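Please find below a short note on the model, set out as numbered points. The remarks begin with one strand pairing and proceed to the domains, a helix contact and the ligand shell.

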Amino acid sequence: MSDHRTSDHRALVLDETRKYHLEVQNDGGFVPGVTEIWPSGAVLDAEDRVALVEAALDLRIAAGDRSRRFEARFARLLKRRKAHLTNSGSSANLLALTSLTSHVLGDRRLKPGDEVITVAAGFPTTVNPIVQNGLVPVFVDVELGTYNTTADRVAAAIGPRTRAIMIAHALGNPFEVAEVAQLAREHDLFLVEDNCDAVGSTYDGRLTGTFGDLTTVSFYPAHHLTMGEGGCVLTSDLKLARVVESLRDWGRDCWCEPGKNNTCFKRFDYQMGKLPHGYDHKYIFSHVGYNLKATDLQAALGLTQLDKLDDFCAARRRNWRRLREALDGVPHLLLPEATPRSDPSWFGFVITVDPGAPFSRAALVDFLEGRKIGTRRLFAGNLTRQPAYVDRPHRVVGELTNSDIVTEQTFWVGVYPGLTDEMIDYVAASVKEFVRRNG
Ligand SMILES: Cc1ncc(COP(=O)(O)O)c(C=O)c1O
């Protein structure tokens, strides 16, 4: 019997998959006002489709070789020693922050009531792990234009109970991460970079996600790489890496891969907690953990997506630049700006309608949506105004004036690699037409 990997049937299925991909490619062309211009989306080619089918043929339904290969490649790419795949970016955030509460960190561990500095305007799951761990979020405002906070604001927020900083690079635009990392070092704080929207961005010529103690990534289809659902926690701190892995994998103390045993050579020789000596290490739990693993089907897609990352990031930069140049000088709109010393791998193109403009954000958004130009909010806006957070213990440092403006006046449109020059030009022409008619 032939090996299933080389069987003729297998080759045939993969060949037919390529043909099928060509058959279902949307080649309807771009029709202004009819074709949807999505704000974000996955860009999947024949090799992505083949990789998924191949993983399915192998029945790789749990985490295995492909997951490990992806983790190794992604860690190398982001210049971190360890990467741990998760089932979402939100899970990655939960694991990253929760790992800082581990007993393994001794006196440095975060304890209930400790404070974590974060940003008021952003995505909820950058902040949720703070609340979920009984810690107190300390909210600072953002700048308009970059939609990031500043190192000065973070510095002003540091108090006696501050133990960590957890901030996202806003829509691909790096925050002043070198300065914030410096502050963290000076004040003995942990820094978690939520890099979910910013893979490939640089600050001071260095990749975002390489400054903090821990960094997180999302592989949801809107993001720079996709696995459908998925995420990753990266760190170069091997102690933290083990905690992340333990928390991800039910809280277990053992680090053997599924199907492997006794890699520590003392599987039946541990004495931990109040368990009898020799209790199987595979079933010793040293953290109150979760199961947030991803599968090899997801990793298979991640691996083929990874081959295209440079092209994806280049396309995002190109689309953003084209839109930025086309809209330059349009009155009543605040256009986005890269943080000084950064080169963002943009997630979206953010527009704020001047509060004094003769038209509203809602009217402009309606006009664009009417032309099938998809828009999104800067996620939750000012989180402290969201129903989930109003009654949660938190501290606010300074005014959240800009976060409020973001809540009322800001939206974004897409720059993802699936958009063509024609589409970008149509978005720019539509914005200009609206402002000309209403300005
Ligand atoms: C900054 C940021 N962090 C975290 C997430 C959560 O990622 P996921 O959707 O994979 O849970 C998102 C989602 O878009 C995000 O924008």
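**Notes on the predicted model**

1. In this predicted model, Tyr203 stands opposite Ser342, a residue of strand 11. Strand 6 (202–203) and strand 11 (342–343) run antiparallel and are joined by two bridges.

2. The pairing of strand 6 with strand 11 belongs to an open sheet of three strands, ordered 7-6-11 and paired in antiparallel fashion. Strand 7 (206–207) and strand 11 are the edge strands, each pairing on one side only.

3. The domain assignment of the protein divides it into domain 1, covering 65–305, and domain 2, covering 306–438. Taken over C-alpha atoms, the centres of domain 1 and domain 2 are separated by 27 Å.

4. How many residues of each domain are in contact with the other? On the side of domain 1 there are 46 residues, and on that of domain 2 there are 43. Several elements of domain 1 each supply at least two residues to the side that touches domain 2: helix 3 (65–77), helix 5 (124–132), strand 3 (136–140), helix 6 (151–157), strand 6 and helix 9 (296–306). Strand 3 gives the most, with five residues. By class, this side of domain 1 comprises 25 nonpolar, 13 polar and eight charged residues.

5. Helix 3 and helix 9, both listed among the contributors to that side of domain 1, also pack against each other, at an angle of about 40° and with their axes 8 Å apart. The crossing of helix 3 past helix 9 is left-handed. From helix 3, the contact draws on Asp65, Arg66, Ser67, Arg69, Phe70, Arg73 and Phe74; from helix 9, it draws on Asp296, Ala299, Ala300, Gly302, Leu303 and Leu306. By class, the contact of helix 3 with helix 9 has six nonpolar, two polar and five charged residues.

6. Which residues come nearest to the ligand? Of the 15 residues around the ligand, these are Ser88, Gly89, Ser90, Cys196 and Ser218. By class, the shell holds five nonpolar, eight polar and two charged residues.

7. Helix 4 (89–99) and helix 5 each supply at least two residues of the shell around the ligand. Helix 4 gives the most to this shell, with three residues. Helix 5 thus deserves attention in two settings: it supplies at least two residues to the ligand shell and at least two to the side of domain 1 that touches domain 2.

How values were computed
Residues are numbered from 1 along each chain as its sequence is written. This is a predicted model: local features need pLDDT of at least 70, side-chain atom pairs count only at pLDDT 80 or more; totals for chains, interfaces and linings use all residues. Domain bounds come from an automatic or database domain assignment. Two residues are in contact if their C-beta atoms, placed from the backbone, lie within 7 Å. Helices (H or I, at least four residues) and strands (E, at least two) are DSSP runs, numbered from the N terminus. Ala, Val, Leu, Ile, Met, Phe, Trp, Tyr, Cys and Pro count as nonpolar, Asp, Glu, Lys and Arg as charged, and the others, Gly among them, as polar. A residue is near a molecule or strand if its C-beta atom, placed from the backbone, lies within 6 Å of it. Two strands pair if DSSP finds at least two bridges between them. Axes are lines fitted to C-alpha atoms, for helices over the stretch in contact, and angles run from 0 to 180 degrees between N-to-C directions. A crossing is left-handed if the near helix is turned anticlockwise from the far one by less than a right angle, and right-handed if clockwise.
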